[in-house]
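Visitor: I would like a close look at a single part of this protein, one strand and its surroundings, taken slowly and with the residues named. Could you then set that part within the rest of the chain?

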Amino acid sequence: MANELLCAPQQDQTRKTLPVSDSAVAEKPLVNPKLATVEKVLSVEHYTDRLFRFRTTRPQSFRFRSGEFVMIGLMQENGKPLLRAYSVASPAWDEELEFYSIKVPDGPLTSRLQGIQPGDDILLGKKPTGTLVLDALTPGKRLYMFSTGTGFAPFASLVRDPETYEKFEEVIVTHTCRDVDELRYSQELVENLINDPLIGEMAQGKIRLYTSCTREDYPRMGRITNLIESGKLFEDLGVPPLDPATDRGMICGSMEMIQDTAALLEKAGLTEGSNNAPSEFVIEKAFAG
Ligand code: A2P
């Protein structure tokens with residue numbers, strides 16, 4: 001992949017392989033070291049009482065395509081790992097990893113994960129995978145990334161990947177949340193992107209973030225599905241309605257949001273693709289703890 005040329009040398013001193021005991025009397029193997037490594041939390045930022053992001057060390061051997069997800073988690077008091085799927089929110093070239101997470105008060109993982117601090121250990125799976133990747137789309141002119149809530153995470157990765165701008169003339173990212181505060185991550189990220197020395201020039205003039213809220217007063221209200229159906233999305237952006245000849249889509253949100261948005265794309269004549277059979281749009285459920 002061309003963007004791997006941008007990789008900086010890795011700082012890898014903090015990484016260690018997970019302990020494995022082969023003694024019959026000692027504890028059982030904690031985590032299969034073939035499946036996960038122990039990384040360090042580098043920074044944590046809380047956006048709302050429901051949302052936060054954190055950055056971790058990245059092992060030199062950890063390769064992924066922007067938009068993919070991986071298992072991450074924590075060791076439990078019983079000595080067993082607790083892992084959940086998370087989209088990697090940082091791009092493939094970044095020497096660190098970033099994740100964007102919801103906080104579920106009684107969620108087995110996120111109730112603990114929300115308390116992590118810089119320096120803490122975190123488990124990182126070794127097998128990133130997923131369908132929200134550029135390779136799963138056929139060539140097009142305009143790329144739409146439709147997201148709700150934490151479904152923005154894979155797009156936080158893709159909008160920071162130069163390949164996105166090499167492949168598409170226009171990149172439209174929609175992010176719909178219940179409340180205004182929940183849009184901060186996407187808004188700050190896209191704002192900073194334009195000023196980024198690496199990607200800013202490529203992204204400028206190509207990327208547009210289209211935000212809306214459904215449960216709090218905001219200049220633009222409504223679910224993305226309603227905004228597509230009414231044609232307001234296209235009017236606001238000054239672009240023609242969805243067209244399989246030019247438009248490609250990626251969808252990430254709740255299962256219902258994906259189904260409803262995919263139905264609208266299909267109605268416009270776009271067909272769903274996958275890694276094995278690239279086509280005009282791809283989907284992935286936003287993962288929640
Ligand atoms: P709403 O407030 O009308 O439910 P959640 O946090 O529940 O995943 O929701 C995130 C955003 O996704 C909310 O703005 C929510 O709108 C919206 N949403 C929920 N279900 C759908 C759906 N089926 N289609 C489009 N948007 C949806």
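Guide: What follows begins with strand S7, goes on to its partner strands and the loop before it, and then turns to the core and the ligand.

The model is a predicted one, and its chain of 289 residues has a secondary structure of eight helices and twelve strands. Strand S7 covers residues 121–125, and four of its five residues are buried, so S7 is largely enclosed by the rest of the structure.

Two strands pair with S7. Strand S2, residues 36–46, runs antiparallel to S7 and is joined to it by five bridges; within this pairing, Ala 36 stands opposite Gly 125. Strand S4 also pairs with S7 in the antiparallel sense, over two bridges, and here Ile 72 is the residue that stands opposite Leu 124.

S4, which spans residues 69–75, is in turn joined by seven bridges to strand S5, residues 81–87, and these two strands run antiparallel as well. Phe 69 of S4 faces Ser 87 in S5, while Met 75 stands opposite Pro 81. S4 and S5 form a hairpin with five residues between them, and in its turn Gly 79 has a positive phi of about 85°. As a general point on such elements, the side chains of a regular strand alternate between the two faces of the sheet.

On the other side of S7 in sequence, the loop between helix H1 (110–113) and S7 holds Pro 118. A residue counts as exposed if 12 or fewer other C-beta atoms lie within 10 Å of its own, and Pro 118 is therefore exposed, since it has 12 such neighbours. Pro 118 nevertheless has contacts with residues far from it in sequence: it touches Val 41, Leu 42, Ser 43 and Val 44, and its C-alpha lies 7.3 Å from that of Lys 40, although the two residues are 78 apart in sequence. Across the chain, of the contacts between residues at least 6 apart in sequence, 70% join residues at least 24 apart.

Beyond this part, buried residues make up 42% of the chain. The largest nonpolar core has 63 residues, and among those with the most contacts inside it are Phe 99, Met 145, Phe 155 and Val 171. Domain 1 (6–16 + 31–125) and domain 2 (134–285) both give residues to this core, so the core lies between them. Val 171 touches Leu 143, Val 159, Thr 164, Tyr 165, Lys 206 and Ile 207, leaving aside residues up to four places away in sequence. In soluble globular proteins, nonpolar side chains tend to be buried together.

The last region to place is the shell around the ligand. Of its 15 residues, Thr 148, Thr 214, Arg 223, Glu 256 and Met 257 come nearest, and by class the shell has three nonpolar, seven polar and five charged residues. Strand S9 (170–177), helix H6 (224–229) and helix H8 (255–267) each supply at least two residues of this shell, and H8 gives the most, with three.

Note on methods. Residues are numbered from 1 along each chain as its sequence is written. This is a predicted model: local features need pLDDT of at least 70, side-chain atom pairs count only at pLDDT 80 or more; totals for chains, interfaces and linings use all residues. A residue is near a molecule or strand if its C-beta atom, placed from the backbone, lies within 6 Å of it. Ala, Val, Leu, Ile, Met, Phe, Trp, Tyr, Cys and Pro count as nonpolar, Asp, Glu, Lys and Arg as charged, and the others, Gly among them, as polar. Two strands pair if DSSP finds at least two bridges between them. A nonpolar core is a set of buried Ala, Val, Leu, Ile, Met, Phe, Trp, Tyr and Cys residues joined through C-beta atoms within 7 Å. A residue is buried if 20 or more other C-beta atoms lie within 10 Å of its own, exposed if 12 or fewer, and partly exposed in between; C-beta atoms are placed from the backbone. Domain bounds come from an automatic or database domain assignment. Two residues are in contact if their C-beta atoms, placed from the backbone, lie within 7 Å.
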